[in-house]
Amino acid sequence: MNGADLTLTDYTSRQLRNLCTQAGFDNTDTPAALLRELLGAAGERKLSEPPLWPSDVADDATPVEFSYALDDGGDRAVRILGETVARSPSPTANIAAARQFLDTVVERHGCTADRFEAVQDLFLPERPQGKFALWFSLIFRRQGPPRLKVYFNPDVRGPERNRELVAEGLRRLGMDNAYELAATHGLRRGERDRFSFFALDLDDSPLSRVKLYISHDAATAEDVTHCARAVNGVDPAQIEDFCALLGGGTRRFTGRPLISSYSFVEADFDRPGNYSLYLPIRDYVPDDETARSRVRSFLAGHGVDQTNLDRALGAVSDRSLAERAGLIAHVSLRVGSFGSGTTIYLSSEAYGGTPPTATGNWQGSSAAEMDTVSAPFADSPAGG
Ligand code: TRP
């Protein structure tokens with residue numbers, strides 16, 4: 001059977017089940033069922049049809065992206081980041097569909113929507129602007145129920161209100177000091193530092209987090225080590241190594257930006273417990289083979305078994321890694337008191353993967369190479 005005959009849900013749930021199996025989970029039915037629900041109408045479409053909505057979750061408009069979190073302690077989590085798209089999509093209709101998905105999950109898996117309720121009228125206006133209004137992440141581990149996280153867009157009322165929305169969101173959650181802290185360390189370069197996501201864990205636990213993401217246009221490793229200093233006990237050399245190794249010696253990240261995030265937990269809203277740095281590696285490599293070898297070296301330095309990476313890659317794709325970049329979309333480093341680790345973000349590539357022109361930042365790529373890449377769907381694998 002040709003891959004194009006599959007629906008988006010068929011295709012991506014197979015990838016998700018493979019990933020969960022590789023992570024050693026017995027139950028792959030719950031993750032697959034939640035993914036189906038999350039994708040909704042968009043998931044019912046055949047891969048031979050164009051995407052229902054130009055989701056910004058992934059470069060090729062696939063409304064889901066996978067990630068594999070490797071805790072330094074040895075624990076593993078499989079996660080999906082996704083956008084729910086309405087059957088007749090529009091920014092407003094998508095919010096309604098997303099809220100419906102949220103209600104279902106909250107009811108079935110016993111998450112709490114209290115924090116969501118506290119800020120939703122701020123972040124979900126009648127006429128949403130920007131690239132998205134509401135995204136979800138679902139986090140699966142071997143033990144315990146799935147966990148849910150929501151992402152809001154600080155640009156949803158226009159880019160000029162970016163900071164104001166975040167400040168007000170934090171105020172409503174009783175976290176007045178958090179804004180100052182994030183701003184002092186994370187917004188030091190004027191317009192080039194911007195809030196990109198405002199995220200909430202929706203589980204009912206003292207360790208459930210509020211996360212602020214800041215994207216840093218054209219930043220250097222030194223710029224982001226300043227951001228990391230907001231968190232106690234962070235070793236700046238660790239951040240520098242991460243940038244040097246995964247960036248392959250890139251000095252200034254002028255492609256897709258480096259992103260910082262600060263995690264606050266209810267037990268201590270005055271200071272972020274963790275800092276994470278996200279590096280969009282697909283813009284800084286000629287192909288995924290190069291990305292793989294950099295990630296392998298990094299994991300080796302952290303004592304993480306490197307076979308994890310190859311298993312995760314094999315779970316989502318069987319294409320040649322040397323063909324192009326984009327399968328490994330981001331790599332993130334997490335440091336701080338709630339535990340350290342590395343997370344690898346993997347594109348589904350259901351709609352063909354990162355278009356070659358989108359990785360134009362890679363200095364080594366020539367126009368000639370770009371011309372040889374096939375059209376979307378032409379190489380959609382036939383389901384493994
Ligand atoms: N596709 C968007 C980007 O690359 C949003 C996104 C998806 C993202 N997954 C991410 C951003 C992981 C940071 C980290 O920017």
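This report walks through a predicted model, from its barrel to its helices, aromatic rings, cysteines and loops.

## The barrel

The model is predicted. Its central sheet is a closed one: 10 strands form a barrel. Going round, the order is β1-β2-β3-β4-β5-β6-β9-β10-β11-β12, and the pairing is antiparallel. Neighbouring strands of this sheet are turned by 20° against each other on average, with direction ignored.

One step in that order goes from β6 to β9. Strand β6 covers residues 209–216, and strand β9 covers residues 258–265. The two run antiparallel and are joined by eight bridges. As one example of the register, S215 has I259 in β9 as its bridge partner.

## Strand β1 and its neighbours

Strand β1 spans residues 64–71. How many of its eight residues are buried? Eight of the eight are, so β1 is largely enclosed by the rest of the structure. Both faces are covered. On one side the buried residues are V64, F66, Y68 and L70. On the other they are E65, S67, A69 and D71.

β1 pairs with β2 in the antiparallel sense, through seven bridges. Y68 is matched with V78 of β2. The β1 and β2 hairpin has four residues between the strands. G74 in this hairpin takes a positive phi near 110°.

β1 also pairs with strand β12, residues 341–347. This pairing is antiparallel too, over seven bridges. Here D71 has G341 of β12 as its bridge partner.

## Helices against the sheet

Helix α2, residues 29–43, lies across β1, β2 and β3. Its direction is at about 175° to β3.

Helix α6 runs over residues 176–186. Its buried residues are A178, Y179, L181, A182, A183, H185 and G186. What covers them? The cover includes helices α5 and α7 together with strands β5, β6 and β9.

## A helix pair: α9 and α10

Two packed helices are described by the angle between their axes and the distance between the axes. For α9 (residues 288–301) and α10 (residues 307–316), the angle is about 145° and the axes are 9 Å apart. From α9, the contact uses R292, V295, R296 and L299. From α10, the contact uses L309, D310 and L313. By residue class, the contact holds four nonpolar, no polar and three charged residues.

## Aromatic rings

A search of the whole structure finds 16 aromatic pairs. One of them is W135 with F197. Their ring centres are 5.7 Å apart, and the planes meet at 40°, which makes the pair tilted. The pair links distant parts of the chain. W135 sits in strand β3 (residues 134–140), and F197 sits in strand β5 (residues 193–201). In sequence they are 62 residues apart. Are these two residues buried or exposed? Both W135 and F197 are buried.

The two rings also belong to one aromatic cluster. Its members are F132, W135, Y151, F197, Y213, Y278 and Y345.

## Cysteines

A disulfide is a covalent bond between the sulfur atoms of two cysteines. The count in this model comes to zero disulfides. C227 is in no disulfide; its nearest cysteine sulfur, that of C243, is 10 Å away. The cut-off for a disulfide is 2.5 Å between sulfur atoms.

Two cysteines can be placed by burial. C20 is buried, with a relative accessible area of 0%. C227 also counts as buried, at 4% relative accessibility.

## Loop residues to look at

A218 lies in the loop between β6 and β7. A218 has a positive phi of about 50°, although it is not a glycine. This residue is partly exposed, with a relative accessible area of 22%.

The loop between β12 and α11 holds E349. E349 has a positive phi of about 60°, and it is not a glycine either. Is E349 buried or exposed? E349 is buried, because its relative accessible area is 8%.

P356 lies in the loop between β12 and α11. At 26% relative accessibility, P356 counts as partly exposed. P356 and R256 are 100 residues apart in sequence. In space, their C-alpha atoms are 14 Å apart.

Definitions and conventions
Residues numbered from 1 in each chain as written. Predicted model: local features only at pLDDT ≥ 70, side-chain atom pairs only at ≥ 80, totals over all residues. Heavy atoms only, no water. Phe/Tyr/Trp six-rings, centres within 6.5 Å; stacked < 30°, edge-to-face > 60°. Buried < 20%, exposed > 50% of the residue type's maximum accessible area, 1.4 Å probe, protein only. Pairing = 2+ DSSP bridges. Axes fitted to C-alpha atoms, helices over the stretch in contact; angles between N-to-C directions. Contact = heavy atoms within 4.5 Å. Nonpolar A, V, L, I, M, F, W, Y, C, P; charged D, E, K, R; others polar.
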